[in-house]
Amino acid sequence: MSDINVTPLVDVMLVLLVIFIITAPLMASRLELELPRTAVPAGSQASEPEVFVSLGVDAAGQMFWGEQPVDMDVLGERLRETARRDPETEVQLRVDMSVSYGQVARLIAMAQAAGLARIGFVTDADTARALGLPASGASR
């Protein structure tokens, strides 16, 4: 018999389990948005901030704090509370392409009025790559 090392099936299953545990939270996001496409010069991709909150607006105009729907009053209070805890927290905006610029401007104004000045715009990197454009995860 030859000296072929065969990896036990248990080891393979444990590796697959670890991969599943790591990727499952990433697949849990179900907020369907058509993010705008951007082109950013190569090498200028922004790094992810250490502390951030995610605000989303879907095509119907519904606002989200992370993945939870919120109304304007709740959103304003959450922004103020976040600014009280850490005014350096970045607000990452994920807004559907069909949402009007006026609504985006209102969200930016709310964040700034609450005391949060760091605002990033999340764009669709996969779509930009498919179009042959350099992509950014969050452009500022």
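**Exercise 1. What covers the buried residues of helix 3?**

Solution. The model is a predicted one.

Step 1. Find the buried residues. In helix 3 they are Gln103, Val104, Leu107, Ile108, Met110, Ala111 and Ala114.

Step 2. Look down the helix axis. The buried residues of helix 3 fall within an arc of 155°, so they line one face of the helix.

Step 3. List what lies against them. The cover includes strand 1 (52-57), strand 2 (63-65), helix 2 (72-85), strand 4 (90-95) and strand 5 (119-122).

Step 4. Turn to the face pointing away from the buried side. Tyr101 and Ala113 are the exposed residues there.

**Exercise 2. Compare the span of helix 3 with the span expected at 1.5 Å a residue.**

Solution.

Step 1. Helix 3 runs over residues 101-114, which is 14 residues.

Step 2. At 1.5 Å a residue, a span of 20 Å is expected.

Step 3. The end C-alpha atoms of helix 3 are 20 Å apart, in agreement with the expected value.

Step 4. Move just past the end of the helix. Gly115 has a positive phi there, of about 110°.

**Exercise 3. Which residues of helix 2 are buried, and which are exposed on the other side?**

Solution.

Step 1. Leu75, Gly76, Leu79, Thr82 and Ala83 are the buried residues of helix 2.

Step 2. Around the axis they cover an arc of only 130°, which puts them on the same side of helix 2.

Step 3. On the other side of helix 2, the exposed residues are Asp73, Arg84 and Arg85.

Step 4. Strand 1, strand 2, strand 3 (68-70), strand 4 and helix 3 are among the elements that cover the buried residues of helix 2.

**Exercise 4. Describe the largest pocket by its volume and its lining.**

Solution.

Step 1. The space in the largest pocket is about 200 Å³.

Step 2. Its lining consists of Pro36, Leu93, Val95, Asp96, Met97, Val99, Tyr101, Val104, Ile108, Phe121 and Val122.

Step 3. Sort the lining by class. It has 10 nonpolar residues, no polar ones and one charged residue.

Step 4. Sort the lining by element. Strand 4, helix 3 and strand 5 each give at least two residues. The largest share, three residues, is that of helix 3.

**Exercise 5. Is Ser54 buried or exposed, and is Ala117 buried or exposed?**

Solution.

Step 1. Locate Ser54. This residue is part of strand 1.

Step 2. Apply the cut-off for buried, which is under 20% relative accessible area. Ser54 has a relative accessibility of 15%, so Ser54 counts as buried.

Step 3. Leaving out residues up to four places away in sequence, Ser54 touches Phe64, Trp65, Gly66, Gln92 and Arg94.

Step 4. Locate Ala117. This residue sits in the loop between helix 3 and strand 5.

Step 5. Apply the cut-off for exposed, which is over 50%. The relative accessible area of Ala117 is 62%, so Ala117 is exposed.

Step 6. Check one distance across the chain. Ala117 and Ala83 are 34 residues apart in sequence, while their C-alpha atoms are 9.4 Å apart in space.

**Exercise 6. What is the order of helices and strands along the chain?**

Solution.

Step 1. Count the elements. The chain has four helices and six strands.

Step 2. Read along the sequence. The pattern is α-β-β-β-α-β-α-β-α-β.

Step 3. Take the chain as a whole. Of its 140 residues, 34% are buried.

Step 4. Consider contacts between residues at least 6 apart in sequence. Of these, 68% join residues at least 24 apart.

Key: Residues are numbered from 1 along each chain as its sequence is written. This is a predicted model: local features need pLDDT of at least 70, side-chain atom pairs count only at pLDDT 80 or more; totals for chains, interfaces and linings use all residues. Side-chain values use heavy atoms; hydrogens and water are left out. The expected span of a helix is 1.5 Å times one less than its number of residues. Buried means under 20% relative accessible area, exposed over 50%, partly exposed in between (1.4 Å probe, protein chains only). The arc is that of the directions from the helix axis to the C-beta atoms. Contact means heavy atoms within 4.5 Å. On a 1 Å grid over the protein atoms alone, a cavity is a set of points where a 1.4 Å probe fits but cannot get out, and a pocket is an open set with protein on both sides within 12 Å along at least five of seven lines; lining residues have an atom within 4 Å of a point. Grid points are joined across faces, edges and corners, and a volume is the space filled by probe spheres set on the points. Ala, Val, Leu, Ile, Met, Phe, Trp, Tyr, Cys and Pro count as nonpolar, Asp, Glu, Lys and Arg as charged, and the others, Gly among them, as polar.
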